[in-house]
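Here is a short, friendly briefing on the empty spaces inside a protein and on one stretch of its surface. Please keep the structure open beside you as you read.

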Amino acid sequence: MTVATMTVATTKPMAEVPEVEPSHKDTRRYPHGIAFMDGQYLPMSEAKVSVLDWGFLHSDATYDTVHVWEGRFFRLDLHLDRFFRGMERLRMKLPYDRQEVERILSNCVALSGHKSAYVEMICTRGGSPTFSRDPRDAENRFIAFAVPFGSVANKEQLERGLHVGISETVRIPPKSVDPTIKNYHWLDLVKGLFDAYDAGAETALVMDTNGNIAEGPGFNVFTVKNGQLKTPAFGVLPGITRQTVFDLCKEVGLTVAAADLSRDELNEADEVFITSTAGGIMPVTRVDGCSVGSGKVGAVTRQLTNLYWQKHSDNAWSIPVDYA
């Protein structure tokens, strides 16, 4: 006779369903600044993006950053050119024209009170009320903000030069994501940063698909060899500060070219510097633990850096913020 076994189901009392909070409580700290969203100027701590926005879900966004120095926007026209060009190529539209965007950026800075600021303009794909998977159904969204000016390099690094590590990480190929459209596809750059940190460096350069030097997290790179300058041309964002170096070189009679830059050329350079809106022209004195040239900030780098900051008060290169 077979004895049947019986499984006795046990039930546990169900936990009560939690209440829906009437509003979000955010305990994080934010830099002092002002943001613009949905027609409203807000403290940075109140500027929120929906978790359903394609900019968050899919990195489907373009943006641009400009800086304010001593109360003046630097090369704002070039940043606006690139921002609107990127939106057009991504098939995004805003309810604001170029003049209105410029006014919003200026208002963010004026309301923040910052005389030196990092100012960002963003257009995300947005989302649709029905959570449609069709990007044509999305309502594009514009966001802007102004926070205190920040640099890729701190004061000590600017004085003695950055220490850069070359990561074997390959930058996203331009056939996949157009690098001339400023975007948030940064996982390759972040991986490169961690590679550099692991090697004892302070920031990173990554490679292009052909095995040449590409760019770093938010910056372009230049070499100086026998008085001639060179910067990578393939698979990189043509930065506004990068363009500014070309303009400055033309003024002072220096030769500069955009072309493939090999790892050996970088290692054998007399001088190396990086360029970014977040910091300007910044010297590099060590690459992969080895000194660049003499191991000190070079004469060409200093010349261009000094001229770069002088241009910030030039009416042809900058415009004042109206704080009234």
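In this predicted model, the lining of the largest cavity is made up of 3 nonpolar, 3 polar and 2 charged residues. That cavity has a volume of about 60 Å³, and the count of cavities of 30 Å³ or more comes to 3.

**Largest cavity**
- Its lining is formed by Arg171, Ile172, Val177, Pro179, Asn183, His185, Glu215 and Gly235.

**Second largest cavity**
- This cavity holds about 50 Å³ of space.
- Its walls come from Val66, His67, Phe74, Arg75, His79, Ile240, Thr241, Thr244, Thr277 and Tyr308.
- Two or more of these lining residues are given by each of β3 (61–69) and α6 (240–252).
- With 3 residues, α6 gives the most to this lining.
- Sorted by class, the lining of the second largest cavity contains 4 nonpolar, 5 polar and 1 charged residues.

**Nonpolar surface patch**
- Turning to the outside, Val49, Val51, Leu52, Phe56, Leu57 and Phe131 make a nonpolar patch of about 580 Å².
- One of its members, Phe56, sits in helix α1 (residues 54–58).
- Is Phe56 buried or exposed? Phe56 counts as exposed because its relative accessibility is 57%, and the cut-off for exposed is over 50%.

Methods: Residues are numbered from 1 along each chain as its sequence is written. This is a predicted model: local features need pLDDT of at least 70, side-chain atom pairs count only at pLDDT 80 or more; totals for chains, interfaces and linings use all residues. Side-chain values use heavy atoms; hydrogens and water are left out. On a 1 Å grid over the protein atoms alone, a cavity is a set of points where a 1.4 Å probe fits but cannot get out, and a pocket is an open set with protein on both sides within 12 Å along at least five of seven lines; lining residues have an atom within 4 Å of a point. Grid points are joined across faces, edges and corners, and a volume is the space filled by probe spheres set on the points. Ala, Val, Leu, Ile, Met, Phe, Trp, Tyr, Cys and Pro count as nonpolar, Asp, Glu, Lys and Arg as charged, and the others, Gly among them, as polar. Helices (H or I, at least four residues) and strands (E, at least two) are DSSP runs, numbered from the N terminus. Patches are made of residues with over 30% relative accessible area and no salt bridge: like charges are joined within 9 Å, nonpolar side chains (Val, Leu, Ile, Met, Phe, Trp, Tyr) within 5 Å. Accessible areas come from the Shrake-Rupley method with a 1.4 Å probe; for residues, only the protein chains shown count as cover. A salt bridge is a side-chain nitrogen of Lys or Arg within 4 Å of a carboxyl oxygen of Asp or Glu. Buried means under 20% relative accessible area, exposed over 50%, partly exposed in between (1.4 Å probe, protein chains only).
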